[in-house]
Amino acid sequence: MAAENFSQIMPQPAAAPRAFASRRSHLIYRSLQREIVLGLLAPRSALLELELANRFEVSQGTVREALLLLQEEGLVHRMAHRGTVIADCRAEDAEELIRLRHDIECRGVQRAMARQGAKLADTLRRHLAAMQAAAQAGDEYLLSVHDRAFHADLFEQADLPPVQPVLARCLIHAHRFKILHPEQQRDLLETANRHQVIIEAVAAGDAAAAAAALSHHITTIVDFGPSVLGASTGNGQ
């Protein structure tokens, strides 16, 4: 099979891969991430290093680096002598990750605003514009990329580096669950515009309102019932 056109692969703005990854393995990682998130590679299906090496016209070592990056995100499971399997996409996993995400982001936004103030809104507006452009182009994956970047960049200002990879994993799995379950779908432009209320609260310098907006945003990303967090929703305290 011909090599992939890597120039068509969208940038990955969330947590950066480890430094050992080569540029080519990083590009393969991003391509496979896109296919896993969109369901083009099905949950629980096997990935064979030799087949991927032939597909991308690279060495198996380069493929192995890409698979290790996907393993860090929990998108694949690598088992000794048994190969690599794409992670399942279960509601119970998504719910627990959303609970983690809720607590991380709702506390983080208040810390971020205490450090950076209303100027955070300018960065968030740029991400919203990118989301809206992706939505208008009908590109669900690119919308997800910029959506994750919105939340990752907001949390980055909380200055809690060890927690950032945890949030990155929560974000990608929540988005994957939403995309792979059609009953959870919203109009793409509506999905993008749901971030506007968060921006407004940040621009107003109202940390409590920003936390409340994030709480509602996160707990309604998918429908597990009246509220995935029950009475614990609100300002994230």
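**Exercise 1. Find what G74 touches in this predicted model, skipping residues up to four places away in sequence.**

Start with the place of G74: look in the loop between helix 3 (60-72) and strand 2 (76-79). Next, list the contacts. Leaving out residues up to four places away in sequence, G74 touches A87, R169 and H173. Now try a distance: G74 and D88 are 14 residues apart in sequence, and their C-alpha atoms are 9.7 Å apart in space.

Last step: is G74 buried or exposed? Its relative accessibility is 11%, and buried means under 20%. So G74 counts as buried.

**Exercise 2. Work out the strand order of the open sheet.**

Take the pairs one by one. Strand 1 (residues 46-47) runs antiparallel to strand 3, with 2 bridges between them. Here A46 stands opposite V85 of strand 3. Strand 2 also pairs with strand 3 in the antiparallel sense, this time over 4 bridges. Two of the partners to look up are I86 for V76 and T84 for R78.

Put that together and you get an open sheet of 3 strands in the order 1-3-2, with antiparallel pairing. Strand 1 and strand 2 are the edge strands, as each pairs on one side only.

Then check the turn. The hairpin of strand 2 and strand 3 has 3 residues between the strands, and H81 takes a positive phi near 65° there.

**Exercise 3. Sort the residues of strand 3 (residues 83-86) into a covered and an uncovered face.**

Begin with the general rule: in a regular strand, side chains alternate between the two faces of the sheet. Now apply it to strand 3. T84 and I86 make up the covered face, while G83 and V85 are on the uncovered one.

**Exercise 4. Check whether the span of helix 4 (residues 91-116) agrees with its number of residues.**

Helix 4 has 26 residues, so at 1.5 Å a residue the expected span is 38 Å. Its end C-alpha atoms are 35 Å apart, which agrees.

Next, see which residues of helix 4 are buried. Among them are A94, L97, I98, R101, H102 and E105. A general point helps when reading such a list: an α-helix has 3.6 residues a turn, so residues three or four places apart point the same way.

What do the buried residues of helix 4 pack against? The partners are helix 5 (120-136), helix 6 (140-156), helix 7 (164-180), helix 9 (196-203) and helix 10 (207-219). Finally, go just past the end: G117 follows helix 4 and has a positive phi, near 75°.

**Exercise 5. Describe the largest cavity and its lining.**

Count the cavities to begin with: the structure holds 3 of 30 Å³ or more. The largest has about 130 Å³ of space. It is lined by 14 residues, and L143, D147, H175, K178 and T191 are the closest to its centre.

Which helix gives the most to this lining? That's helix 6, with 4 residues. Helix 6, helix 7 and helix 8 (188-193) each supply at least two residues.

To finish, split the lining by type: 4 residues are nonpolar, 5 polar and 5 charged.

Technical notes:
Residues are numbered from 1 along each chain as its sequence is written. This is a predicted model: local features need pLDDT of at least 70, side-chain atom pairs count only at pLDDT 80 or more; totals for chains, interfaces and linings use all residues. Side-chain values use heavy atoms; hydrogens and water are left out. The expected span of a helix is 1.5 Å times one less than its number of residues. Buried means under 20% relative accessible area, exposed over 50%, partly exposed in between (1.4 Å probe, protein chains only). Contact means heavy atoms within 4.5 Å. On a 1 Å grid over the protein atoms alone, a cavity is a set of points where a 1.4 Å probe fits but cannot get out, and a pocket is an open set with protein on both sides within 12 Å along at least five of seven lines; lining residues have an atom within 4 Å of a point. Grid points are joined across faces, edges and corners, and a volume is the space filled by probe spheres set on the points. Ala, Val, Leu, Ile, Met, Phe, Trp, Tyr, Cys and Pro count as nonpolar, Asp, Glu, Lys and Arg as charged, and the others, Gly among them, as polar. Two strands pair if DSSP finds at least two bridges between them.
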